[in-house]
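Good morning, colleagues. Thank you for making time for this short presentation; please look at the sequence and the structure before I begin.

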Amino acid sequence: MAEIDNFMPLLMQHEEEGLLCPVIAHGNVHFMWIKHSNLYLVATTNKNSNASLVYSFLYKLVEVFTEYFKELEEESIQDNFVLVYELLDELMDFGFPQTTDSKILQEYITQEGTKLEVAKSKVPTTVTNAVSWRSEGIKYKKNEVFIDVIESINVLVNANGSVMSSDIVGSIKLKTMLSGMPELRLGLNDRVLFALTGRDKGKTVVMEDVKFHQCVRLSRFDSDRTISFIPPDGESELMSYRINTHVKPLIWIESVIEKFSHSRVEIMVKAKGQFKKQSVANNVEVRVPVPSDADSPKFKTSTGHAKYVPEKNLVVWTINLNEGGKEFLMRAHFGLPSVENDEVEGKPPITVKFEIPYFTVSGIQVRYMKIIEKSGYQALPWVRYITQSGGTLTAFHKVST
């Protein structure tokens, strides 16, 4: 128990030396840690533990605590000490993760713990059921399931405009409002499935690193690529995947930055949507790094608005690209001090954030969603597609004068 006292001094020492690492060793003990707002969540082990499992559990802790306390920070832990201990007691036993579904935990661990009635304090059968993620007896007047296909694209572009690396990370999220214990079957335009069934027609995708929610029958997927499951009630992530393919930047950025010593820096940034004309990019943010000693900002934009964020040394240009193919311009002017800063500053890249609804880069499609329930009710499935930036970057194209 005393080993944890060594964690913070070691962390600070590693930070000072620039050797910060997610796993810190002290003798034969390893600390695996994550940071969330002003909290460190730390797991200790003196064995060759499964690191992936440990980190999955730590992130699950954050998810469960956030579900209970809304905001997870030092104050919410101090205010809910008893509840935290109760939750940890159910989340893990003897170093093994147990019940980690917050909806099931909320059935018998509530924030009014002392006011629990005796009848309600029994452990729900879901904890010991084969279907531990869904309670029995759920009823809705209108049976619906909402499917969100969300893809994040990560593209790294150098100063010459060449794509250095790109990939697509996708997830399929559900909001299930279905009565009883329904069985769902989801069909995608999966290339492996089409090849197995001999229907190799139309656009298909090859998914890699597929990860499923525990409700999916993995043996069924392995044998015939059918995604079959009894869904959790409410919101959940059904699956995530990665598609390793060449992606062109959906928003093209060109920049020229001129730095005049001891006087000023001039920035010119062009943004152009490289997607279909009928598509729209919402909440576009172009983040342009500026020198830390810059001051007196002035902006001129052809659309949207620009603002200086001095604590992050950034100019944030916010625009909506209402159709593909159009080009927009932003100019910024900053003053520089007459005394040169001795510190050599790096050249961080420009980053772009955006969201494009009704569109996926990979072309993945939900072909069908079958809902089977013994009472035979009719249910409506709804599908929505969204593409967003994971971290679209472009390096500076710099002209010094």
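**Surface patches, strand pairing and positive phi angles**

Let me start with serine 296, which counts as partly exposed because its relative accessibility is 48%. I should say at once that this is a predicted model. Serine 296 belongs to strand β15, which covers residues 295-301. Its phi is near 50°, a positive value in a residue that is not glycine.

A second residue of this kind is lysine 70, where phi is positive at about 70°, although lysine 70 is not a glycine. Lysine 70 sits in the loop between α2 (51-69) and α3. Is lysine 70 buried or exposed? With a relative accessible area of 62%, lysine 70 is exposed, since exposed residues are those over 50%.

I now turn to the surface around α3. Which residues gather in a patch of negative charge there? They are Glu71, Glu73, Glu74, Glu75 and Asp79. Aspartate 79 lies in helix α3, residues 74-79. Its relative accessible area is 57%, so aspartate 79 is exposed.

There is also a nonpolar patch on the surface, formed by Phe81, Val82 and Tyr85. Together these residues have about 380 Å² of accessible area. Phenylalanine 81 is placed in helix α4, which spans residues 81-91. Phenylalanine 81 counts as partly exposed because its relative accessibility is 48%, and the partly exposed class lies between 20% and 50%.

Let me move on to the strands. How many bridges join β12 and β13? Strand β12 (residues 251-260) and strand β13 (residues 264-273) pair in the antiparallel sense over 10 bridges. Within this pairing, isoleucine 257 stands opposite isoleucine 267 of β13. The hairpin of β12 and β13 has 3 residues between the strands, and here histidine 262 takes a positive phi near 60°.

Strand β13 has a further partner in strand β18, residues 327-335. β13 and β18 pair in the antiparallel sense, over 9 bridges. Which residue in β18 is the bridge partner of lysine 272? The partner is glutamate 327. As a general remark on such elements, side chains in a regular strand alternate between the two faces of the sheet.

To close, I would ask you to keep two places in view. One is the negative patch that includes Glu71 and Asp79; the other is strand β13, which pairs with β12 and with β18. Thank you for your attention.

Technical notes:
Residues numbered from 1 in each chain as written. Predicted model: local features only at pLDDT ≥ 70, side-chain atom pairs only at ≥ 80, totals over all residues. Heavy atoms only, no water. Patch = residues over 30% accessible without salt bridge, like charges linked within 9 Å, V, L, I, M, F, W, Y side chains within 5 Å. Areas by Shrake-Rupley, 256 points an atom, 1.4 Å probe, with all protein chains shown as cover. Salt bridge = Lys/Arg side-chain N within 4 Å of Asp/Glu carboxyl O. Lys, Arg positive; Asp, Glu negative; His and termini not counted. Charge placed at Lys NZ, Arg CZ, Asp CG, Glu CD. Helix = DSSP H or I, 4+ residues; strand = E, 2+ residues; numbered from the N terminus. Buried < 20%, exposed > 50% of the residue type's maximum accessible area, 1.4 Å probe, protein only. Pairing = 2+ DSSP bridges.
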